[in-house]
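User: I am new to this one and would like a guided look. Could you take me through it step by step?

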Amino acid sequence: MTEKTLPAEFKDLEPFAADWVFPTQKRRRMKRLSSNMDAIGAFYSVILPRIEAVARHLGPRPLDQLAPEEQRLLWMAYMFMEVAPAVEIFGQPEVRGNTFPYARFFEANPITGGAIVDDDN
Amino acid sequence: MKASKDHGNFFTSNFGLSNDPIPIEPYFSSEWFKREREKVFKRSWVCVGREENIGEPGDYLVRDIPILNASALVTRAADRKVRAFYNVCQHRGNLVAQTACGHKRSRFTCNFHGWSYDLHGRLVQVPDEKVFYNIDRDQHALKPLHCGVWNGFIFVSPDPARPLEEEFADLGKLVDGYDFALPVVGSYTAEVKGNWKVFLDAFQEAYHVIALHATTVRPTFAGSDNPFAHLTSARIFDRNRSISVYGNPDHRMRPSETLAFKLGVASTYTPDMEKNAALSAAGLNPEGDKNWAFDINIMFPNMELLMGVGWYAQMQFWPVAPDHTHYEVRIYMKAPRDAGDAISQEFNKVMLYDVLLEDLYTIENTQAVLKARADGNFIFGDHEVACRHNYEVVSQMVETRS
């Protein structure tokens, strides 16, 4: 059986559905940082011309009422924004030049300010 | 105060500040840090959260405040009032609340010997009480911290020099009417080996945009009519201050940025400055600056609110040691109306995260070599007036005899 991973209208993006869909900013960032520019560039160039169609397709519905395949499509659009600076500015996955290490700038609990180090955020 | 076309020494002299070099000892000295604890932080207000974090009676949160050597317990009782206490059992000093936050609590029970306190801090239970020689429970309530709410932000202080309303009254007039009760879309933290003032200074000027952010946001915040990212205006309110950052109307957008502006609410600023002005809500761009991007409102001593159209960010610089600061930043944005807004906001989140990595980089390098040039100085230019003002306010408080 094949579960529909993305809405039918976005069959052209299916080849990326397995590897480029993550529910959190942290996981998307880790994917960007662990990918090479060939892979990032391939994803970027296919999805760039489709972003407006994604927004149109998902339309004005509340985001918590998306079907699972629509949710994945939205996460894929977020992934586009994650890799965009790598392609459009840096020419590499990381920020160019000397920076504070990614590994020391954590997602935090917004109430306590404490670092969240597990994988789900 | 609006920037002058003659950009020499303008803000600095008009605010009555000196233009002397700044001694660097306050930025690394342990002795100075101890005096900051006593004279600055114990007498000031620090923010421990948003009111929405503890919206219902029985909600509470705990916040460690290293510079005060304290843990604060903040509660909302049935009377809906927000209260704050030192999170210390009056029996033998263990933490009363051991979890960072929670709901539906009616009392906090110390896990050492089981003494219990209610949401008003009152001592309500002492196991085997009769062995304590007729203990007077009223004398052993949790020790209160001064506590108040400003625009939904909860502040505490051990011994405030001024009431909260007074301390932030003038700054408050600038942001009146702004809706701060927005959803948090991003929240990040770092432990950074730098003095809290070195850290804060990196976030209260835009002069660094042209060099540090040369590859990222330089074209956004500097342009042909303002090549050095001069502030568009600046204000000082006693210990607090506020600066406005220029936005380049001619900045050429990248493909992802073009999409972000096309699809969603403007979340940094739109280079269409007329649209930007139309979108700008109450509490923003206080002097109606042309080509305005966002404001930075710095609330003495260790917090700032960066505020733009459809978003704001709260930064806190928590001193831990003379050369160690716990940094927190929370990004708030208007709830997305649709997927287009959400995709647009993701652009801004990612950009901000990457740019902050550039900002954070300089702090540890600066700190690492400060001591080696202990007799050296910092030179602050006119557009670093906020850094200078902070130095003057802090040193005045530290050097006051009392």
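Analyst: The following exchange goes through chain B, from its overall dimensions to single residues. Please keep in mind that this is a predicted model.

User: What does the secondary structure of chain B come to?

Analyst: Chain B has 11 helices and 19 strands.

User: And what does the C-alpha trace span along its principal axes?

Analyst: The C-alpha trace of chain B spans about 80 × 55 × 35 Å along those axes. The radius of gyration of chain B is 23 Å, which agrees with the value near 21 Å for a compact globule of 402 residues.

User: How much of chain B counts as buried?

Analyst: Of its 402 residues, 59% count as buried. Chain B exposes about 16,200 Å², and carbon and sulfur atoms supply 51% of that area.

User: What about contacts between residues at least 6 apart in sequence?

Analyst: Within chain B, 65% of those contacts join residues at least 24 apart.

User: Let us turn to the sheets. In which order do the seven strands of the open sheet run?

Analyst: The order is β2-β11-β10-β5-β4-β3-β6 in chain B, and the pairing is antiparallel. The edges are taken by β2 (46–50) and β6 (101–102); each has a single partner strand, so one side of each is left without a neighbour in the sheet.

User: How many bridges join β5 and β10 there?

Analyst: Strand β5 (residues 82–86) and strand β10 (residues 144–150) of chain B pair over two bridges, in the antiparallel sense. Phe85(B) stands opposite Pro144(B) in β10(B).

User: Now β18 of chain B. Why is it described as largely enclosed?

Analyst: Nine of the 10 residues of strand β18 (residues 324–333) are buried, so the rest of the structure largely encloses this strand.

User: Which strands pair with β18(B)?

Analyst: Strand β12 (residues 184–192) of chain B pairs with β18(B) over eight bridges, in the antiparallel sense. Strand β17 (residues 311–321) of chain B also pairs with β18(B) in the antiparallel sense, over 10 bridges. In addition, β17(B) and β18(B) form a hairpin with two residues between them.

User: Which residues stand opposite each other along those pairings?

Analyst: Val192(B) stands opposite Thr325(B) in β18(B), and Ala313(B) stands opposite Ile331(B) in β18(B).

User: Changing topic: how many disulfides are there?

Analyst: The structure holds zero disulfides over all chains. Cys47(B), for instance, is in no disulfide, and the nearest cysteine sulfur, that of Cys147(B), is 10 Å away.

User: Is Cys47(B) buried or exposed?

Analyst: Cys47(B) counts as buried, at 1% relative accessibility. Cys387(B) is buried too, with a relative accessible area of 2%.

User: Where is Asp118(B), and what does it touch?

Analyst: Asp118(B) is in strand β8 (residues 116–118) of chain B. Leaving aside residues up to four places away in sequence, Asp118(B) touches Ser106(B), Arg107(B), Phe108(B) and Val124(B). Asp118(B) has a relative accessible area of 12% and is buried.

User: What lies 2.9 Å from a polar atom of its side chain?

Analyst: That is the backbone nitrogen of His120(B).

User: One last residue: where is Phe261(B)?

Analyst: Phe261(B) is in helix α8 (residues 255–263) of chain B. At 15% relative accessibility, Phe261(B) counts as buried.

User: And how many residues separate Phe261(B) from Leu68(B) in sequence?

Analyst: They are 193 residues apart in sequence, and 44 Å apart in space, C-alpha to C-alpha.

Definitions and conventions
Residues are numbered from 1 along each chain as its sequence is written. Chains are lettered from A and ligands numbered from 1 in the order in which they are written. This is a predicted model: local features need pLDDT of at least 70, side-chain atom pairs count only at pLDDT 80 or more; totals for chains, interfaces and linings use all residues. Side-chain values use heavy atoms; hydrogens and water are left out. Helices (H or I, at least four residues) and strands (E, at least two) are DSSP runs, numbered from the N terminus. Buried means under 20% relative accessible area, exposed over 50%, partly exposed in between (1.4 Å probe, protein chains only). A polar contact is a pair of N or O atoms within 3.5 Å; within protein, one must be able to donate a hydrogen and the other to accept it, and residues adjacent in sequence count only if both atoms are side-chain atoms. Contact means heavy atoms within 4.5 Å. Two strands pair if DSSP finds at least two bridges between them. The radius of gyration is taken over C-alpha atoms; the globule rule is 2.2 Å times the number of residues to the power 0.38. Accessible areas come from the Shrake-Rupley method with a 1.4 Å probe; for residues, only the protein chains shown count as cover. A disulfide is a pair of cysteine sulfur atoms within 2.5 Å.
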